[in-house]
Amino acid sequence: MKMFKKLMAIALAGVMALAVLTGCGSSLNGKELIKQMNDQLTYTSMVDPSFKNYKEFKADKEMDAKAETIAKKVAEKAKTQAEIVTVLKSDDVKNILVGKDDTNIYEVSYVKSVSFGSKYYQTNKDMVDLQVIDENATSHFDSTAQVGREVKDAVVGVGFADATVGGSVYTIVVMKVPTQKIA
């Protein structure tokens with residue numbers, strides 16, 4: 001989890017820099033977000049060796065499907081934004097993500113779809129979305145399956161799906177971090 005938080009913080013820095021230069025759109029753009037995370041990962045791995053364990057972020061249809069299933073669960077069970085957290089931390093969501101003897105680590109998060117009134121925040125919307133995704137992240141994994149495993153050369157699969165809660169649209173984000181046996 002610490003590595004994920006650190007990785008997301010570095011990805012956020014990249015999004016901030018790119019947002020200033022490019023002027024990002026007003027909606028969550030998963031493809032662009034993944035590109036920005038990868039660009040920042042490339043830069044960061046040059047200066048911090050611990051990030052060499054992550055190879056890239058990549059759109060993943062399996063994670064899209066899991067995000068869609070979780071989005072339906074969120075829409076069904078949550079009536080307020082505060083209840084989204086409870087649903088994402090639930091055993092129901094863990095069971096959607098983590099199979100028996102599954103050696104992957106899963107991160108699930110959400111961000112509310114909003115439009116900002118100021119030019120500054122609207123221009124930097126992707127940066128704000130990434131920061132919120134980082135702050136709202138919850139990890140799920142099979143602790144017994146993780147014994148003797150590490151993150152190495154990880155291609156992190158990422159999926160997105162929308163859920164409507166209390167009249168607002170939230171994007172659910174699911175990431176799969178594969179692990180390997182420790183050599």
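This note covers the aromatic pairs and one buried acidic residue in a predicted model.

1. Aromatic pairs. Searching the whole structure gives 3 aromatic pairs. One of them joins Tyr110 and Tyr170 in an edge-to-face arrangement, with ring centres 6.1 Å apart and 65 degrees between the planes. The two partners come from distant parts of the chain, 60 residues apart: Tyr110 belongs to strand E2 (residues 105-112) and Tyr170 to strand E6 (residues 168-177).

2. Burial of that pair. Tyr110 has a relative accessibility of 5% and is therefore counted as buried. Tyr170, at 3% relative accessible area, is buried too.

3. A pair of sequence neighbours. Tyr120 and Tyr121 also pair edge-to-face, at 5.3 Å centre to centre and with 90 degrees between the planes. Tyr120 counts as exposed because its relative accessibility is 53%, where the cut-off is over 50%. Tyr121, with 41%, is partly exposed. Both tyrosines belong to one aromatic cluster with Phe116.

4. Asp142: location and charge. Where is Asp142 found? Its place is the loop between strand E3 (138-140) and strand E4 (149-150). Asp142 is buried but has no salt bridge. Lys94 offers the nearest side chain of opposite charge, 6.3 Å away; a salt bridge would need the charged atoms within 4 Å.

5. Asp142: surroundings. The side chain of Asp142 makes a polar contact of 2.7 Å with the side chain of Thr144. With neighbours within four places in sequence left aside, Asp142 is in contact with Val98, Asp101 and Asp102.

Key:
Residues numbered from 1 in each chain as written. Predicted model: local features only at pLDDT ≥ 70, side-chain atom pairs only at ≥ 80, totals over all residues. Heavy atoms only, no water. Phe/Tyr/Trp six-rings, centres within 6.5 Å; stacked < 30°, edge-to-face > 60°. Helix = DSSP H or I, 4+ residues; strand = E, 2+ residues; numbered from the N terminus. Buried < 20%, exposed > 50% of the residue type's maximum accessible area, 1.4 Å probe, protein only. Lys, Arg positive; Asp, Glu negative; His and termini not counted. Polar contact = N/O pair within 3.5 Å; in protein donor to acceptor, adjacent residues only side chain to side chain. Contact = heavy atoms within 4.5 Å.
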